[in-house]
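Let's take a walk through this one together. Have the sequence and the picture handy, and we'll go piece by piece.

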Amino acid sequence: MRSLDDIFEEYDFLDGDDRYRLLIELGRSLEPMPDALKTDATRVAGCSASVWVYPVPQAGGHLHFLADSNAAITKGIVALVLSAVQDQPAAEVAKMDIAARLAPFDLTRQLSSNRTQGVPNMIALVQDTARRIAAE
């Protein structure tokens, strides 16, 4: 998965339609999530599209997430959120200001509110998972 800084460097250079294409490309690059993991328990509440996020704890307290969405742009937003935290130590993710890391993308200005309304819930799910794993 590309770093958030690397993605932003490209994103910042692009205009509206190309930014959409970049988000779609990011979504396509997500590691496949088995259908069996797409349940109510892994579904992110508050998203206009269906979004599933499943934490896969790694050795040493690092986090890894599988995720998917039934909407291409939303899946790209999920990939953007995960690029900020993927394979990072849970203790660091628990303290990270993920919203601030995503702020340069100005998603609320670039995309409709329907597409971004679930982002705070995705962030909360990721950080709740990180806090739980860090405490173990």
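How many of the five residues of strand β2 (residues 65-69) are buried? Five of the five are, so β2 is largely enclosed by the rest of the structure. Keep in mind, as we go, that this is a predicted model.

Let's stay with that strand for a moment. Phe65, Ala67 and Ser69 point one way from β2, while Leu66 and Asp68 point the other way, and all of them are buried. The strand has a partner, too: β1 (residues 51-55) pairs with β2 in the antiparallel sense, over five bridges. If you'd like one spot to look at, find Val53, whose bridge partner in β2 is Ala67.

Now look at Ser69, which belongs to β2. Its relative accessible area is 9%, and the cut-off for buried is under 20%, so Ser69 counts as buried. Its side chain has some polar company: it reaches the backbone oxygen of Ser50 at 2.8 Å, and a polar atom of that side chain lies 3.2 Å from the backbone nitrogen of Ala71. Setting aside neighbours within four places in sequence, Ser69 is in contact with Ala49, Ser50, Val51, Trp52, Thr74 and Lys75.

One name in that list, Trp52, deserves its own stop. Trp52 sits in strand β1 and is buried, with a relative accessible area of 15%. Not counting residues up to four places away in sequence, Trp52 touches a string of others, including Leu66, Ala67, Asp68 and Ser69. Met33, Lys38, Thr39, Thr42 and Arg43 are also among its contacts. As for Ala103, which is 51 residues from Trp52 along the chain, the C-alpha atoms of the two are separated by 22 Å.

Next, over to helix α1. Which residues of α1 are buried? They are Leu4, Ile7 and Tyr11. Seen down the axis of the helix, these buried residues fall within an arc of 65°, so they line one face of α1. Turn to the face that points away from the buried side and you'll meet the exposed residues Asp5, Glu9 and Phe13.

So what touches α1? One residue to check is Ser83, found in helix α3 (residues 72-85). Leaving out residues up to four places away in sequence, Ser83 touches Met1, Arg2, Leu4 and Ile7. Ser83 is itself buried, at 11% relative accessibility, and its side chain reaches the backbone oxygen of Leu80 at 2.7 Å.

Finally, the aromatic rings. A search of the whole structure turns up two aromatic pairs. In one of them, Phe8 and Phe105 meet edge-to-face, 5.2 Å centre to centre and with 80° between the planes. Phe8 lies in α1 (residues 4-13) and Phe105 in the loop between α5 (98-102) and α6 (107-110), so the pair ties together parts that are 97 residues apart in sequence. The two partners aren't equally covered: Phe8 is partly exposed at 25% relative accessibility, whereas Phe105 is buried at 1%.

Ring pairs also bring in Tyr11, linking Phe8, Tyr11 and Phe105 into a cluster. And Tyr11 has a charged visitor: the charged end of Arg19 sits over its ring, 4.4 Å from the centre.

Methods:
Residues numbered from 1 in each chain as written. Predicted model: local features only at pLDDT ≥ 70, side-chain atom pairs only at ≥ 80, totals over all residues. Heavy atoms only, no water. Phe/Tyr/Trp six-rings, centres within 6.5 Å; stacked < 30°, edge-to-face > 60°. Helix = DSSP H or I, 4+ residues; strand = E, 2+ residues; numbered from the N terminus. Buried < 20%, exposed > 50% of the residue type's maximum accessible area, 1.4 Å probe, protein only. Lys NZ or Arg CZ within 6 Å of the ring centre and 35° of its normal. Polar contact = N/O pair within 3.5 Å; in protein donor to acceptor, adjacent residues only side chain to side chain. Contact = heavy atoms within 4.5 Å. Arc of directions from axis to C-beta. Pairing = 2+ DSSP bridges.
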